[in-house]
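Please look over the sequence and the model shown here, and then follow the paragraphs below from single residues to the interface and the cores.

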Amino acid sequence: MARIWKFGDSINTDDILPGKYAPFMVGEDKFHTYAFAHFRPEFAQGYKPGDVLVAGRNTGLGSSREYAPEALKRLGLRAIIAKSYARIFYRNLVNLGIMPFEAPEVVDALHDGDEVELEFERGVLRRGSETFRLTPPPGFLLEALKEGSILEYYRKYGRFPGEGRP
Amino acid sequence: MGLTLAEKILSQRAGREVRAGELVVVEVDQVMVVDSIAGSFFKRLEQLGAMPRYPEKVAIVIDHVAPAANVEVAKAQKEIREWGQRVGCRVFDVGRGICHQVLVEERLALPGGIVLGSDSHSTTYGGVACFGSGMGATDIALAAASGRTWLRVPESVKVTFRGRLNPAVSAKDAALEMVRVLTADGATYMSVEIHLEDGAESLTRSQRLTLANLSVEAGAKCGLVVPSGEILELYDVPGWLYPDPDAAYVREVEIDLSALTPRVSVPFYVDNVQTVDSVMGKKVDQVFVGTCTNGRLDDLHEVAEVLRGRRVAPGVRMLVIPASSQVLEEATADGTLLTILQAGATLGTPGCGPCMGRHQGVLAPGEVCVSTSNRNFKGRMGAADAEIYLASPRVAAASAVAGFITTPEALNAERPTPNA
């Protein structure tokens, strides 16, 4: 079982990983331990791999710092369910192989601390007897996510998803 | 139906007509990497088993923590210099300035071009009608390795500024007003296409850069200012670089510059924009003038004009950090800097300064800072409960003198005249 960590609207990248805790500042080995250091100090300790992050509108606004979602990945995050995403953060999630589901009504139905099961490849979330359907990202992004991340996709095909045909 | 400016640039580059919503893969002119993500950038290239396809199209700028604040940073910056030398990429070292300002000064961001930066404020290049967009380390590494990137052609929001700014108002106020109207996610995934009309064409390159810079605070992919005025004097602007009159916009907004009053963005979101009047009198601990938003020569001129013959209030720290070595030189040569220093302000190395809370002016718990920067998120400049008020250089300077948030006009009104 996974736990839901629920956040509100406008969670920015300074909330997710404050600039002063960038790997560049504190080292590659420990930056992820500062995830949500200001905003929710118990998060990095309490988060267990596979737990699902749920958030509101404009999730991930602000800085382009990829190490913010990378800190979450380092803690074991594989999927986020949000009402909407900021642009750069959304690209960063896909690039890191974290599934960005967009599902406002599911976000409203979920609570912090809920125990759930998420089959993220199929976009199926279960809480007790309830089942929620999550729509995966558009086709070309899904192509990249299926290879693990856009890096692996590019390394394998030598092109971007949607660029010509193999 | 005609094409927007973003559609024009991406169509030109794709070699076919492309429309909002389409996916394109396009060649990029320049890939900009900042020091704070260079380590991730190198790691991604390694994972790809690739090196930059066109080393001359990759520039690394040491600006986010410059000079180095600790051993970790010093090691990272040493690696940048060695790597740049080995690979043949440009490295702009400590003191050259903030990435966006440097790319404009070096003419690496040009009208009609496409520049990707590993910094969200890469929208700044739109001030010279260059398609500038911020991306994370992976996208930036892929762009360096392939010379290309994928983009969804953005929809556009048209923002028309009309009239002239009155002397009490800065381009920063216009930019903050734009963010207030659009809201923090009002232009997500979109191009903010900025039209300057009925006198607004007179806005300088620096002022246009300020407008384009803040477009990302409305979520924009790029913020493109339609070329006119000074841009036509400074650049060879291609004839196709204009939106068609019948282009399609998802939203159109008009802002009357002549009716605008000074603005301030209050904690903890940039779109919390109010008139300065509403927070007038708020006690201030630190004032910071600088950043890619407002660290240019005209910004320092605004500051010097307010500070001339005055002193920074006791108990207030005023930090001034020019956006680049060129700005520093010019402000030194024309006496601006002397005026600022004589007022009791202090000077930092050209670069990002304390904007993201890493060095050179980090805030203590409970402190209040008036900053000319672009973000006031919780904890951005240091302690989680420190407060950042974003304002123009004029309002920042006046607040430094008063010790509380105010405008130069209010300061003048309170000052006894020689005959009084």
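In which helix of chain B is the place of B:E230? B:E230 is found in helix 8 of chain B, which covers residues 230–234, where helices (H or I, at least four residues) and strands (E, at least two) are DSSP runs numbered from the N terminus. The model is a predicted one, in which local features need pLDDT of at least 70 and side-chain atom pairs count only at pLDDT 80 or more, whereas totals for chains, interfaces and linings use all residues. Residues are numbered from 1 along each chain as its sequence is written, chains are lettered from A and ligands numbered from 1 in the order in which they are written, and side-chain values use heavy atoms, with hydrogens and water left out.

With a relative accessible area of 27%, B:E230 is partly exposed, a class that lies between buried (under 20% relative accessible area) and exposed (over 50%), computed with a 1.4 Å probe on protein chains only. Apart from its neighbours within four places in sequence, B:E230 is in contact with B:T204 and B:R205, contact being heavy atoms within 4.5 Å. The C-alpha atom of B:E230 is separated by 18 Å from that of B:L257, a residue 27 places away along the chain.

Two arginines can be read alongside this glutamate. B:R263, in strand 12 (residues 263–265) of chain B, counts as buried because its relative accessibility is 12%. Its side chain makes a polar contact of 2.7 Å with the side chain of B:T261; a polar contact is a pair of N or O atoms within 3.5 Å, and within protein one must be able to donate a hydrogen and the other to accept it, while residues adjacent in sequence count only if both atoms are side-chain atoms. A:R65, in the loop between strand 2 (52–55) and helix 4 (67–75) of chain A, is likewise buried, at 3% relative accessibility. The side chain of A:R65 makes a polar contact with that of A:D14 at 3.3 Å, and, among residues over four places away in sequence or in the other chain, A:R65 touches several, including A:L17, A:N92, B:M356 and B:R380.

The last two names lead to the interface, where 50 residues of chain B are in contact with 48 residues of chain A. The two chains bury about 4,200 Å² between them, 56% of it on carbon and sulfur atoms, buried area being the accessible area (1.4 Å probe) that two parts lose on being put together, summed over both. In chain B, the residues that lose the most area to chain A are B:W150, B:Y189 and B:R358, together 16% of what that side buries. Seven salt bridges are found across this interface, each a side-chain nitrogen of Lys or Arg within 4 Å of a carboxyl oxygen of Asp or Glu; one of them joins A:R91 to B:D139, with the closest N and O atoms 2.9 Å apart.

The largest nonpolar core, a set of buried Ala, Val, Leu, Ile, Met, Phe, Trp, Tyr and Cys residues joined through side-chain atoms within 4.5 Å, has 173 residues, and those with the most contacts inside it are A:F43, A:I81, B:F41 and B:F161. Helix 5 of chain B gives the most to this core, with seven residues. A second, separate core of 35 residues includes B:V279, B:V306, B:M318 and B:A343.
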